Amino acid sequence: MALLWEAYLDESETHVVGGESGRVYTVACLIAPSFVWEAFSSAWAEAMKSCGAEGKILHMKDILHATKGSEWESWKTDDQRRPLFEKLVAVFQSSPIFGYC
């Protein structure tokens, strides 16, 4: 019997004005068996829904800065964001997902 694994990767880099000095580039990876992702996705959606963020796509730069024009524009305070972050962190902590950077 084969076990199918899925991985999710994301990259980030700094943008330095006027040259390459100080540039940082990183890639993060989360990997787990497919059945783990199914349970994780359900738990993530429930956490989002319970905090009034159902159907939103979480981009940290948008939620942390309440980016104008984003679906997080009205989330301007830590008191709004903290309950969501706590629930999402709990979802990660309760899931057997491996992370690498």
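The following paragraphs lead the reader through the sheet, the helices, the nonpolar core, the aromatic residues and the cysteines of a predicted model.

The sheet is a convenient place to begin. It is open and consists of three strands in the order 1-2-3, with antiparallel pairing. Strand 1, residues 5-13, and strand 3, residues 98-100, occupy the edges; each has a single partner strand, so one side of each is left without a neighbour in the sheet. From one strand to the next, the twist averages 15°. Strand 1 and strand 2, the latter made of residues 25-33, run antiparallel and are joined by nine bridges. Within this pairing, Trp5 has Pro33 of strand 2 as its bridge partner.

Helix 1 comprises residues 34-50 and lies across strand 1 and strand 2, running at about 100° to strand 2. This helix also has a part in the interior. The largest nonpolar core contains 15 residues, and those with the most contacts inside it are Met48, Ala53, Trp72, Trp75, Leu84 and Ile97. Two or more residues are contributed to this core by helix 1 and by helix 3, which spans 78-93. Helix 1 gives the most, with five residues. In general, nonpolar side chains in soluble globular proteins tend to be buried together.

The aromatic residues add further detail. The model has seven aromatic pairs. In one of them, Trp37 and Phe40 meet edge-to-face, at 5.4 Å centre to centre and with 85° between the planes. These two residues are three residues apart in helix 1, and therefore about one helical turn separates Trp37 from Phe40. Both Trp37 and Phe40 are buried. Another edge-to-face pair is formed by Trp72 and Trp75, with 5.0 Å centre to centre and 75° between the planes. Trp72 and Trp75 are likewise buried. Leaving aside residues up to four places away in sequence, Trp75 touches Cys51, Gly52, Ala53, Lys56, Ile63, Ala66, Gln80, Arg81 and Leu84. Trp37 and Phe40 also belong to one aromatic cluster together with Tyr8, Trp44 and Phe92.

The cysteines remain to be considered. A disulfide is a covalent bond between the sulfur atoms of two cysteines. A search of the whole structure finds zero disulfides. For Cys101, the reason lies in distance: the closest cysteine sulfur, in Cys29, is 9.9 Å from the sulfur of Cys101, which is too far for a bond. Cys101 is exposed, because its relative accessible area is 78%, and the cut-off for exposed is over 50%.

Definitions and conventions:
Residues numbered from 1 in each chain as written. Predicted model: local features only at pLDDT ≥ 70, side-chain atom pairs only at ≥ 80, totals over all residues. Heavy atoms only, no water. Pairing = 2+ DSSP bridges. Helix = DSSP H or I, 4+ residues; strand = E, 2+ residues; numbered from the N terminus. Axes fitted to C-alpha atoms, helices over the stretch in contact; angles between N-to-C directions. Contact = heavy atoms within 4.5 Å. Core = buried A, V, L, I, M, F, W, Y, C linked by side-chain atoms within 4.5 Å. Buried < 20%, exposed > 50% of the residue type's maximum accessible area, 1.4 Å probe, protein only. Disulfide = S-S within 2.5 Å. Phe/Tyr/Trp six-rings, centres within 6.5 Å; stacked < 30°, edge-to-face > 60°.
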